[in-house]
Amino acid sequence: MNILTATAELTPIAQAGGLGDVAAFLPREFEKLGHNSIIVLPKYRSIDINKWGFKNTHKTIIVQMGYWNEYALLWEGTLPNSNVKVYLVEHNGYFDRAGIYGDPIEFGDNDRRFIFFSKAIFEVCKALGFKPDIIHAHDFHTAFTMAFLKEFYRSDPMFSNTAGVYTIHNLAYQGKFNPDTALLYSGIPLSKFQPYSPYEYYGMVNAMKVGIMMADKITTVSPTYAQEIRWSYFGEGLDGVINSRAADFIGILNGIDYDEWNPATDKYISYNYNFGEFQIKSQNKYKLLRDYGLDEGDNLDLPLISMVTRLTDQKGVDLVMARLEELLSHQNFRFFLLGSGNYNYENFFRYLSQRFPKNALNYIGYNAALSHQVIAASDFFLMPSRFEPCGLTQMYSLRYGTIPIARQTGGIADSVFEYDYNYQSGNGFTFWQYNADDMAYAISRALSIYNNQPHWNKIRENAMSHNLAASTTASKYLEVYNWAKEKI
Ligand code: ADP
């Protein structure tokens, strides 16, 4: 199959979050399975052209925006660890600036930038002579490709057999645009801006809605999140829209990159370990604690619970704030936070470290190497998320034999299962309600397995043997592609 991935992020070339990981591992797996897969990405200023080996193709493309044309250049490179071709669309007016989306305040012209990019996708295909079977768009940035395919391009022989697949990574970011400009840039006639149409959403244009309504098939990043967002609590105002497409909608759990996250070969950790080598795993804990000034007199064997996270409301930090101080004063464990974000949350963890200098450690900031070290070093990984479309860190933890203590929402509910002492099944400790007491109880249950050697080993073996391979995810996407092709 000829598969085109249209994305605003791509790990490691232009990294911002989980979307970039998926946009990279799927094409890599498709290639292994013999498919012809390419990726198209904007040429952001932050992309290191030399480091990643991009070359100017000297091909120009013409993109019709409303009633005028705009011109872009095409660069070609290769996705690391693969032969997958990556094409960068150069339009310096839109993309030669600091940042990808604008942070903390989104760029005011994100409608124009991403509508331009979404239309450029089709012109890239023409310039390359690439006739896609599938155009796979991700999140609101490339959602308009789904509309352009149906409105403008399917009549072109180049795209007459092309199906559109759209993936929701996080419904919280929708791309709500001013209709006057969004319709003008996209070339969608104003007459189509009607209530209940794909283009109207409470007087605005909502790119996420456009993607959901216009795709042949829609996916999201876990089966549980696919169910949750059909209800108003999780639906972010789009639950009705999602329900209207329920017959074409499915959740597929993300996989993880087994090369990047492998305790046996991880280049960031000091003591590599294989399945069941828990003695070696603990060396990583001792190392981390020594790095933080502790020594043998400090009982380095205490259980270590960690979090590696953006410090935002989504991640359940308020539950942690409600109970962690009390837990640390009554129970024997250590806590390590690696994270940054909300200042109040950051300062809470600074305060905690001041109150428990040897038992509450933190690194406030973003540090990729340390994220590997902390996950390898820890016994437990705390993840009390309010919502979690998929979540990667609980899966990294499982792979490293680090036991999640996690709230059953979204992708966590599809990957972490309560340990059962009778059947010796399960790989974590879980709670359902968004409630600090339930979280505290899950922490207590987790701590009580720590000195119960046979079960402590068993739960970690269960965790490390849980299948999280990207290849499993990729084969499910291929099924969706075939399903999408049936429709056209
Ligand atoms: P989300 O995408 O909602 O932030 P995920 O669990 O899907 O949550 O992915 C988070 C990714 O970001 C993981 O790879 C995690 O290791 C990484 N990460 C988050 N915070 C930090 C940090 N402070 N330092 C290093 N890596 C971090």
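Q: Which residue has a polar backbone atom 2.8 Å from a nitrogen atom of the ligand?
A: Keep in mind that this is a predicted model. A polar contact here is a pair of N or O atoms within 3.5 Å, and a ligand nitrogen sits 2.8 Å from a polar atom of the protein. That protein atom belongs to the backbone of Gly 365.

Q: What is the distance between a nitrogen atom of the ligand and a polar backbone atom of Asn 367?
A: Asn 367 is on the list of residues that come nearest to the ligand, along with Arg 310, Lys 315, Gly 365 and Leu 392. It's the backbone of Asn 367 that supplies the polar atom here, and a ligand nitrogen is its partner. The two atoms are separated by 3.0 Å.

Q: Which residue has a polar backbone atom 3.3 Å from an oxygen atom of the ligand?
A: This time the ligand brings an oxygen, and the protein again brings a polar backbone atom. At 3.3 Å the pair fits the 3.5 Å limit for a polar contact. The backbone atom comes from Thr 393.

Q: How much of the ligand's exposed area does the protein bury?
A: Start with the ligand taken alone, which exposes 560 Å². Put the protein back, and part of that area gets covered. The buried share is 87%.

Q: Which element gives the largest share of the shell around the ligand?
A: There are 18 residues around the ligand. Elements giving two or more of them are strand S12 (304-311), strand S13 (334-341), helix H14 (368-377) and helix H15 (393-399). The largest share is three residues, and it comes from S12.

Q: How many residues of the shell around the ligand are polar?
A: Sort the shell by class and you get six nonpolar residues and three charged ones. The polar residues make up the rest of the split, and they number nine.

Q: Which helix supplies the largest share of the lining of the second largest pocket?
A: This pocket holds about 310 Å³ of space. Among its 17 lining residues, Phe 278, Ser 282, Tyr 450, Trp 456 and Arg 460 are closest to the centre. Helix H11 (278-291) and helix H18 (453-465) each supply at least two residues of the lining. The largest share, six residues, comes from H11.

Q: How many charged residues does the lining of the second largest pocket have?
A: By class, seven of the lining residues are polar and five are nonpolar. The charged residues number five.

Q: Which residue does a cis peptide bond join to Thr 11?
A: The cis bond has an omega of about 0 degrees. Thr 11's partner is found in the loop between strand S1 (2-6) and helix H1 (18-32). That partner is Pro 12.

Q: Is Tyr 196 buried or exposed?
A: Tyr 196 has a phi near 70 degrees, a positive value in a residue other than glycine. Its place is in the loop between helix H6 (179-186) and strand S9 (205-206). Because its relative accessible area is 80%, and the cut-off is over 50%, Tyr 196 counts as exposed.

Q: What relative accessibility does Asn 299 have?
A: Asn 299 lies in the loop between H11 and S12, and its phi, near 50 degrees, is positive too. Partly exposed covers the range between 20% and 50%. Asn 299 counts as partly exposed because its relative accessibility is 41%.

Q: Is Phe 140 buried or exposed?
A: Phe 140 is found in the loop between strand S6 (134-138) and helix H5 (144-153). Its relative accessible area is 3%, and the limit is under 20%, so Phe 140 is buried.

Note on methods: Residues are numbered from 1 along each chain as its sequence is written. This is a predicted model: local features need pLDDT of at least 70, side-chain atom pairs count only at pLDDT 80 or more; totals for chains, interfaces and linings use all residues. Side-chain values use heavy atoms; hydrogens and water are left out. A residue is near a molecule or strand if one of its heavy atoms lies within 4 Å of it. A polar contact is a pair of N or O atoms within 3.5 Å; within protein, one must be able to donate a hydrogen and the other to accept it, and residues adjacent in sequence count only if both atoms are side-chain atoms. Accessible areas come from the Shrake-Rupley method with a 1.4 Å probe; for residues, only the protein chains shown count as cover. Helices (H or I, at least four residues) and strands (E, at least two) are DSSP runs, numbered from the N terminus. Ala, Val, Leu, Ile, Met, Phe, Trp, Tyr, Cys and Pro count as nonpolar, Asp, Glu, Lys and Arg as charged, and the others, Gly among them, as polar. On a 1 Å grid over the protein atoms alone, a cavity is a set of points where a 1.4 Å probe fits but cannot get out, and a pocket is an open set with protein on both sides within 12 Å along at least five of seven lines; lining residues have an atom within 4 Å of a point. Grid points are joined across faces, edges and corners, and a volume is the space filled by probe spheres set on the points. Buried means under 20% relative accessible area, exposed over 50%, partly exposed in between (1.4 Å probe, protein chains only).
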